[in-house]
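Subject: Structure for your review

Dear colleague,

Please find below the sequence and structure that I am handing over to you. My findings follow directly after it.

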Amino acid sequence: DAIDLHVGLRLHKELGDTILKGEPLITLYGKDGTSLDEAARRGRRALSISAEAVSVPPVISRYISCGE
């Protein structure tokens, strides 16, 4: 598949960040309203917002060495 440089997203928050009502979480970029509507629907299903603090897993879970 070809990469379309006119579409994408920008994440404004990371896992565990505090958010305020009305604050943007994601900005979507697209070529037409239909594809943006579908991306927004998928994004809403993928997000979970909680009043409780969440534990943030480490970015790096382990290091692997080549051995020497």
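L9, L11, I26, L28 and L47 together make a nonpolar patch on the surface, with an area of about 430 Å². Strands β1 (8-11) and β2 each contribute at least two residues to this patch; L11, for instance, is placed in strand β1.

Please note that the model is predicted. The mean pLDDT of the chain is 87, and 99% of the residues reach at least 70. Among the elements, strand β2 (residues 26-29) has the highest mean pLDDT, at 91, whereas helix α1 (residues 33-46) has the lowest, at 88. Strand β2 is thus named twice here, as it also supplies residues to the nonpolar patch.

With regard to charged contacts, the whole structure contains four salt bridges. One of them joins E23 to K13, with 3.2 Å between the closest N and O atoms. Both E23 and K13 belong to the loop between β1 and β2, and the two are 10 residues apart in the chain. As a general point, side chains of opposite charge can pair when their charged atoms come close.

Finally, I turn to the pockets. The largest pocket encloses about 590 Å³ of space. Its lining comprises 19 residues, and those nearest the centre of the pocket are E14, L15, G16, D17 and S48. By character, the lining consists of 11 nonpolar, four polar and four charged residues.

Yours sincerely,

A colleague

Methods
Residues numbered from 1 in each chain as written. Predicted model: local features only at pLDDT ≥ 70, side-chain atom pairs only at ≥ 80, totals over all residues. Heavy atoms only, no water. 1 Å grid on protein atoms, 1.4 Å probe; cavity = no way out; pocket = protein on both sides within 12 Å on 5 of 7 lines; lining within 4 Å. Points joined across faces, edges and corners; volume = space filled by probe spheres on them. Nonpolar A, V, L, I, M, F, W, Y, C, P; charged D, E, K, R; others polar. pLDDT = per-residue confidence, 0-100. Helix = DSSP H or I, 4+ residues; strand = E, 2+ residues; numbered from the N terminus. Patch = residues over 30% accessible without salt bridge, like charges linked within 9 Å, V, L, I, M, F, W, Y side chains within 5 Å. Areas by Shrake-Rupley, 256 points an atom, 1.4 Å probe, with all protein chains shown as cover. Salt bridge = Lys/Arg side-chain N within 4 Å of Asp/Glu carboxyl O.
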